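Colleague: Before I rely on the annotations of this model, I should like to hear how each term was justified. Could we go through them in turn?

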Amino acid sequence: MERLQKLIAQAGITSRRKAEKLIEEGRVYVNGNQVKEVGAKADLQTDEISVDGVPLQKEEPVYYLLYKPSGVISSAGDDKGRKTVIDLVPGEFRVFPVGRLDFDTSGLIVLTNDGEFANLLMHPKYRIHKTYIAKVKGLPLREDLKKLDRGIVLEDGKTAPAKTKVIKTDKRKGTAVVEITIHEGRNRQVRRMFDAIGFPVMKLKRERYGILDLKGLNAGDWRELKPHEVKTLREIAEK
Ligand code: URA
């Protein structure tokens, strides 16, 4: 037996918190009976649970790690009909991306049908570290990057401290490759951080997400997460 809000979240319908609201609003039924008590328990195997009249499917949770190529949308659908990350993983289950990467950013993104897991990882209070490799225009000095390490004021507030490292520089072309690790996930955050210090990002790739990396994968490849990876990510987020 599990709490109803947990079962609803696991089915990928919505977050646990929003599922509680659905229950309070009387939109959830168990074996034909309306249940408005948050915290009531049910068994997905033996009980018939429905939300707005639609029965919950017992879906096996799946977790994919995708190496998103640039030029692909990371939301679940695109009104302009462009290719999305969903088109790049198996279509057996209705999965959605955990967080976002810009259209023109490549790299590691997790997709799942486990709404609870996704919400856990995306919540701003959980500090999953993300490492990006940014090719920037210009040759930043340590003192420039230190501004990012200390946190820099953007239009939506000061960023949390980052970790930066110059990987290589090309003096002739006037470009540098910088590794940067952050644990926030604001919109276009890395690009805006480098803009703020005067070194615009020319190319961006997310190389690591928590304990996960892109080892062995090429752009467009995916693999399933291993059970221990799912478990560890959950533990990191909950810590
Ligand atoms: N920061 C960005 O600027 N873009 C991304 O896609 C991810 C982080």
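Colleague: How do you know that strand β5 and β6 pair?

Modeller: In this predicted model, two bridges join β5 (residues 49–51) to β6, and the strands run antiparallel. Pairing requires at least two bridges, so β5 and β6 count as paired. One partnership is that of Val51 with Val54 in β6.

Colleague: Why are β3 and β6 called edge strands?

Modeller: The open sheet has four strands in the order β3-β2-β5-β6, with antiparallel pairing. β3 (33–34) and β6 (54–55) each pair on one side only.

Colleague: What makes the approach of Asp102 to the ligand a polar contact?

Modeller: A polar side-chain atom of Asp102 lies 2.7 Å from a nitrogen atom of the ligand. The limit for a pair of N or O atoms is 3.5 Å, so this pair qualifies. A polar backbone atom of Val190, 3.1 Å from a ligand nitrogen, also falls within 3.5 Å, as does a backbone N or O atom of Arg188, 3.3 Å from a ligand oxygen. The protein buries 96% of the 240 Å² that the ligand exposes when taken alone.

Colleague: Which residues surround the ligand, and how are they classed?

Modeller: The ligand is surrounded by Leu101, Asp102, Thr105, Tyr132, Arg188, Gln189, Val190, Arg191 and Leu204. Four are nonpolar, two polar and three charged. Tyr counts as nonpolar, so Tyr132 belongs to the nonpolar group.

Colleague: Which helix gives the largest share of this shell?

Modeller: Helix α5 (residues 189–196) does, with three residues. The space taken by the ligand is the largest pocket.

Notes
Residues numbered from 1 in each chain as written. Predicted model: local features only at pLDDT ≥ 70, side-chain atom pairs only at ≥ 80, totals over all residues. Heavy atoms only, no water. Near = heavy atom within 4 Å. Polar contact = N/O pair within 3.5 Å; in protein donor to acceptor, adjacent residues only side chain to side chain. Areas by Shrake-Rupley, 256 points an atom, 1.4 Å probe, with all protein chains shown as cover. 1 Å grid on protein atoms, 1.4 Å probe; cavity = no way out; pocket = protein on both sides within 12 Å on 5 of 7 lines; lining within 4 Å. Sits in = over half its atoms within 2 Å of the grid points.
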